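Here is a short tour of a few residues, written for reading alongside the model. Keep the sequence and the structure open as you go.

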Amino acid sequence: MTAKSLLKIYKIALPVLLLLLSLQHAVAAITLSGDVTARNQTGTHTGEVYRNYLKADLNLNETFENTEVKAVLRAEDDSMRPGDDAAYLRGDTGIQRIYLREAYISHDFYFESFIDSINIKLGRIIYTWGNSDEVKPVDIINPQDYSNLYFTPIQERKYGVFSGTASIFFTENFFIEAVAIPEFKPSEIASSVFEQDSMHALIGLNGDNSIKQKLPDSDIKNSSYSGRIGLTLFDFDMHANYFYGYGNLPVYKLQSLTPSADNIMADYKKVQMFGFDFQRALFSGISIRGEAAFFERGKYFAYNGAALMADVAVGSTGSAEKRYTEYTIGFDDQDFIFDDMYLNLQFHQKIILSYEPGLASDRYTNLVLWNLKYYMMNKKYRVSSQGACDIGERSVYANAEFMAKLADNFEFTIGTWILEGKADTDIGQFDSNDMVYVSGILTF
């Protein structure tokens with residue numbers, strides 16, 4: 001870690017620590033916590049520094065009788081986020097930023113009737129739907145930051161959205177939840193390192209090395225809505241899920257195959273999703289879990305080659321809307337082979353249901369995902385591996401990691417990510433981006 005990086009950590013952490021101390025003195029009853037994280041990712045082939053990431057979180061989480069208040073204030077310095085001159089699709093401008101990641105108030109009303117309780121929640125909320133780990137088909141409410149791809153865990157990739165929820169619990173085993181989301185925020189896909197080949201091709205067709213985006217109008221009629229029904233039956237914890245609203249990833253509308261300014265527009269379409277998820281504990285620490293999503297509308301897939309030329313020639317946009325489904329199913333074992341060894345193994349499949357020849361995407365995408373952790377010496381040390389293998393493309397991304405808890409409030413981690421595959425595959429296009437990384441997390 002360079003002196004310049006340490007200075008950046010100091011500049012981020014000091015204001016947060018000062019705020020923490022001042023608030024604790026001002027309001028002794030409020031409980032505040034937080035963490036400071038420093039991370040470096042460096043390419044193993046070229047020695048190029050891919051990412052210097054510095055983050056400080058200040059967390060407020062208080063409960064007053066039946067009311068909960070939660071807020072997470074985050075300050076970041078992330079070299080992987082493009083600066084002000086980024087060519088495309090950047091939501092929050094700049095490498096450095098301070099923002100409310102999550103902030104909401106939640107209140108429970110209890111009844112002595114056929115309704116057990118009602119929970120109302122309002123604010124900037126991060127939702128966690130579904131029971132899978134990293135590939136979660138039904139967990140689509142929140143926009144995400146994809147600048148570091150799958151190397152950042154999904155829960156850390158998410159942004160909170162301003163929304164409100166009402167959950168009615170008839171019993172502890174049955175509830176109905178409704179969500180209204182008047183705010184639209186797109187996902188972040190711009191990256192200073194992991195620039196996808198498909199994006200390079202689009203930028204090349206746009207003439208001025210940029211892609212403009214058309215966001216939905218800020219109107220109440222453009223709000224998104226979702227809901228789910230939860231039921232526990234025969235020890236199966238199940239949910240039926242529904243979402244209707246704007247998708248957080250764009251559809252690219254192509255006007256011509258001849259490079260020209262404003263040739264491509266990133267547009268956002270309304271998505272309708274029906275989903276289902278479940279989990280059940282079996283025996284000896286083993287659980288099964290899965291989730292599936294069917295997209296009735298809003299999923300578009302680009303044409304390729306001659307099909308692309310033919311589609312644009314007749315005045316279309318270079319892509320087609322298709323019915324689409326994806327699912328993840330698997331199991332985890334809390335004590336796999338040895339005590340304190342955790343294994344999560346899952347299979348994920350994507351299917352374009354109304355497939356036609358000429359699409360750039362395959363009809364089927366098949367992934368095998370794993371997450372293996374082994375804790376030692378009362379969880380002071382941990383060795384782990386996670387990743388995914390695309391069976392059809394014969395490509396893989398995988399990591400190996402070692403964590404040491406050097407103090408009760410400090411963890412040090414070192415690891416590596418390996419990417420293998422052909423250059424024309426989703427994973428293989430980053431074959432040369434193998435990396436090592438180190439990180440430290442200080443909690444307070």
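## I176 on its strand

I176 is partly exposed: its relative accessible area is 34%, a value that falls between the 20% limit for buried and the 50% limit for exposed. You will find this residue in strand 7, which spans residues 174–181. Please bear in mind that this is a predicted model.

Who does I176 touch, not counting residues up to four places away in sequence? The list is A166, S167, I168, F170, R228 and I229. If you would like a long-range reference point, try G290: it is 114 residues from I176 in sequence, and the two C-alpha atoms are 20 Å apart in space.

## How confident is the prediction?

Across the chain, the mean pLDDT is 89, and 90% of the residues reach 70 or more. Strand 7, the home of I176, has the highest mean pLDDT among the elements of the chain, at 98. The lowest mean, 50, belongs to helix 1, residues 3–26.

## A190 and S191 in the loop after strand 7

Now move to the loop between strand 7 and helix 3, where A190 lies. S191 sits in this loop too, and the helix that follows covers residues 197–205.

Is A190 buried or exposed? It counts as buried because its relative accessible area is 7%, under the 20% cut-off. For a sense of distance, the C-alpha atoms of A190 and D217 are separated by 22 Å, with their positions 27 residues apart along the chain.

S191 is buried as well, with a relative accessible area of 2%. Which backbone atoms does its side chain meet? A polar atom of the S191 side chain lies 2.8 Å from the backbone oxygen of S147. The S191 side chain also reaches the backbone nitrogen of V193, at 3.2 Å.

## N263 between two strands

The last stop is N263, in the loop between strand 11 (251–254) and strand 12 (264–267). With a relative accessible area of 1%, N263 is buried.

Where does the side chain of N263 reach a backbone oxygen? Look at S256, where the distance is 2.7 Å. S256 is also one of the residues in contact with N263 once neighbours within four places in sequence are left aside. The others on that list are L205, N206, K253, L254, Q255 and T258. Of these, L205 falls within the 197–205 range of helix 3, and K253 and L254 fall within the 251–254 range of strand 11.

Technical notes: Residues are numbered from 1 along each chain as its sequence is written. This is a predicted model: local features need pLDDT of at least 70, side-chain atom pairs count only at pLDDT 80 or more; totals for chains, interfaces and linings use all residues. Side-chain values use heavy atoms; hydrogens and water are left out. Helices (H or I, at least four residues) and strands (E, at least two) are DSSP runs, numbered from the N terminus. Buried means under 20% relative accessible area, exposed over 50%, partly exposed in between (1.4 Å probe, protein chains only). A polar contact is a pair of N or O atoms within 3.5 Å; within protein, one must be able to donate a hydrogen and the other to accept it, and residues adjacent in sequence count only if both atoms are side-chain atoms. pLDDT is the predictor's confidence in each residue, from 0 to 100. Contact means heavy atoms within 4.5 Å.
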